[in-house]
Amino acid sequence: MIEEKQIFLSYSHKNMDLANEIDNTLRIRGIRVTRDIRGVKCSQGFKEFMKSIGSHDLVLMLISDQYLKSQACMFEVIEFMKESNYKQRVILIVNDDVNFDLKGILYLKYWEEKGKLIEETIKKTSSRKSKASGRRK
């Protein structure tokens, strides 16, 4: 008996129509597809579901501008890249809205700006907490 392969479908919800089309095509052919709309169990958090990406035979990533700007999608990518053989198990479908000018620098700048915003928010929050605790004394 041939062992059934399982594919993890990683995509941005802004590309749901394409994900549905690919999912339906694969399932009609008898291929098991794991994706968030069916895969997250009540007893399991979304983060735990995303961490399961490495346990699949193949990962199909629908790369789009929205995908590359999604924190959840980047989390899945990082989780999958922890696997030593991830390069042999990934299939990329790249949407024409992806702008790889200057070898992806635009996306690096995007995440740098997000990181700075998060750092500033943390500093402001810490500063407010320090001031509030200083007033209570």
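Analyst: Here a salt bridge is a side-chain nitrogen of Lys or Arg within 4 Å of a carboxyl oxygen of Asp or Glu. The model is predicted, with local features needing pLDDT of at least 70 and side-chain atom pairs 80 or more, while totals for chains, interfaces and linings use all residues. Residues are numbered from 1 along each chain as its sequence is written, and side-chain values use heavy atoms, leaving out hydrogens and water.

User: Why is the pair R35 and D23 called a salt bridge?

Analyst: The closest N and O atoms of R35 and D23 are 2.9 Å apart, which is within the 4 Å limit, so the pair counts. R35 sits in the loop between β2 (32-34) and α2 (36-39), and D23 in helix α1 (residues 16-28), 12 residues away (helices are DSSP runs of H or I, at least four residues; strands are runs of E, at least two; both are numbered from the N terminus). Both R35 and D23 are buried (under 20% relative accessible area; exposed is over 50%, partly exposed in between; 1.4 Å probe, protein chains only).

User: How many salt bridges does this rule give?

Analyst: The count is 4. Among them is D65 with K69, at 3.3 Å between the closest N and O atoms. K69 is called partly exposed because its relative accessible area is 32%.

User: What makes E79 buried or exposed, and what makes K82 buried or exposed?

Analyst: E79 has a relative accessible area of 13%, so E79 is buried. K82 has 58%, so K82 is exposed. These two residues also form a salt bridge, with the closest N and O atoms 2.8 Å apart.

User: Why is the pair F80 and Y86 called edge-to-face?

Analyst: Rings of Phe, Tyr and Trp (its six-membered ring) pair if their centres lie within 6.5 Å; planes under 30 degrees apart are stacked, over 60 edge-to-face, the rest tilted. F80 and Y86 lie 6.2 Å centre to centre, with 75° between the planes, so both conditions are met. Both residues are buried.

User: Which other residues make an edge-to-face pair?

Analyst: Y110 and W111 do, at 5.2 Å and 90°. W111 is partly exposed because its relative accessible area is 27%.

User: Which residues touch the most other members of the largest nonpolar core?

Analyst: A nonpolar core is a set of buried Ala, Val, Leu, Ile, Met, Phe, Trp, Tyr and Cys residues joined through side-chain atoms within 4.5 Å. Of the 14 residues in the largest one, V59, M61, I63, Y67, L68, M74 and F80 touch the most other members. β3 (58-63), α4 (65-68) and α5 (71-81) each give two or more residues to this core, and α5 gives the most, with 4.
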